[in-house]
Structure formats: structure tokens, C-alpha cells
Amino acid sequence: MIYKVYDYLESNKKTISFAESCTGGSLSSSISKIPGASKIFIGSIVSYTKYSKKNILQIKESEINKYSSVSQEITIKMAESVKEKFNTDYSIAITGNAGPTVDFKDTKIGDCFIAILSNNEIFCQKFHFNCSREDFIKAATNSTFQLFFDKIIKQ
């Protein structure tokens with residue numbers, strides 16, 4: 001699926017950026033393995049902690065405390081921030097609980113939110129992956145590119 005996303009972005013001369021939390025750079029690593037990725041992939045921010053979400057992505061601590069780091073609201077804010085910072089046509093943000101613990105009582109291990117932002121649309125979807133930490137990262141990465149395909153390319 002990653003190659004379909006790459007081909008779509010390249011053929012349409014569009015760019016993308018990522019704000020990654022639970023995947024720890026897996027989205028960025030996946031796309032940067034493709035020769036010519038620099039034509040479409042501008043950059044990413046791995047904002048793994050509340051600190052980096054607050055200080056690098058400029059998400060208010062009060063909003064993180066209100067909604068939790070693993071929420072639709074914060075995922076959308078991550079996507080908005082990284083899109084603005086890198087000035088890309090699309091941005092993707094992902095946050096979740098890979099386990100073995102959670103930071104907020106209203107979230108569960110395996111919960112994951114993925115947001116995709118374009119110049120005129122935003123999609124955010126919740127997923128739940130019941131698997132090991134390593135498989136969670138793989139499933140979240142694959143689901144991200146599949147969601148981009150379903151919501152952006154297939155339209």
C-alpha cells in the first residue's frame with residue numbers, strides 16, 4: 001500500500017509530512033525507503049511524549065490533560081501542527097497505546113487514532129489492535145497507509 005500512496009503523491013506533485021507518536025518513526029522509515037521519496041516526503045516529528053506534543057507541536061497541556069494524548073482531538077491537533085510546520089499538501093498524525101501501560105485512565109492498550117489532513121478535509125479514525133507491541137506498530141503503520149488510500153486515493 002505504501003507504494004500506491006507514494007505513486008499517488010508523486011504523480012499529483014503533492015507532499016506529505018507525519019506527526020508520529022506510537023509508531024516511533026515507522027511511517028517515516030517506511031516511506032523513506034522508497035527511492036525518490038524526497039520528492040513527496042518533506043519531514044516528520046516523532047512526538048512520543050506529552051512533553052514533545054506540548055513543546056514541539058505546540059499543543060496546549062490543558063488540551064492534552066482534558067482529552068488525553070490518545071484521542072481524536074489531540075491526533076487532529078498533531079496533524080494540523082505538522083502540516084503547518086512543514087507546509088505540506090497532506091499530513092498524517094498517529095497516536096496510541098502500544099502497551100504495556102497507558103498514560104490516561106480513559107484509554108486502553110491497543111487504542112490508536114490516525115488523522116489525515118489535506119488542504120480542505122480531515123479524517124480521523126480510531127483503531128484497536130489486540131497484539132504485541134511490535135505487531136501493534138506494524139498494524140498501525142499499515143493501517144495508516146491503507147486509510148490514506150481509502151480516504152484520499154480511492155475517492
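**Exercise 1: Aromatic pairs**

Find how many aromatic pairs this predicted model holds, then describe the one formed by Tyr8 and Phe148.

*Solution.* Start with the count: the structure has seven aromatic pairs. Next, recall that two numbers describe such a pair, the distance of the centres and the angle of the planes. For Tyr8 and Phe148, the centres are 6.1 Å apart and the planes meet at 65 degrees. An angle over 60 degrees counts as edge-to-face, so that is the label for Tyr8 and Phe148. Now place the two residues along the chain: Tyr8 belongs to helix 1 (residues 2-11) and Phe148 to helix 6 (residues 133-153), 140 residues apart. Finally, look around the pair: Tyr8, Tyr90 and Phe148 make up one aromatic cluster.

**Exercise 2: Burial of Phe148**

Decide whether Phe148 is buried or exposed.

*Solution.* The relative accessible area of Phe148 is 0%. Buried means under 20%, so Phe148 is buried.

**Exercise 3: Strand 1 and its neighbours**

Work out which strands pair with strand 1, and how enclosed strand 1 is.

*Solution.* Begin with the partners. Strand 1 runs parallel to strand 2 (residues 41-46), joined by five bridges, and parallel to strand 3 (residues 90-96), again through five bridges. Phe18 shows both contacts: Ser44 stands opposite in strand 2, while Ile92 is the bridge partner in strand 3.

Then check the faces. In a regular strand, side chains alternate between the two faces of the sheet. Here Ile16, Phe18 and Glu20 are buried on one side, and Ser17 and Ala19 on the other. Five of the five residues in strand 1 (residues 16-20) are buried, so the rest of the structure largely encloses this strand.

Methods
Residues numbered from 1 in each chain as written. Predicted model: local features only at pLDDT ≥ 70, side-chain atom pairs only at ≥ 80, totals over all residues. Heavy atoms only, no water. Buried < 20%, exposed > 50% of the residue type's maximum accessible area, 1.4 Å probe, protein only. Helix = DSSP H or I, 4+ residues; strand = E, 2+ residues; numbered from the N terminus. Pairing = 2+ DSSP bridges. Phe/Tyr/Trp six-rings, centres within 6.5 Å; stacked < 30°, edge-to-face > 60°.
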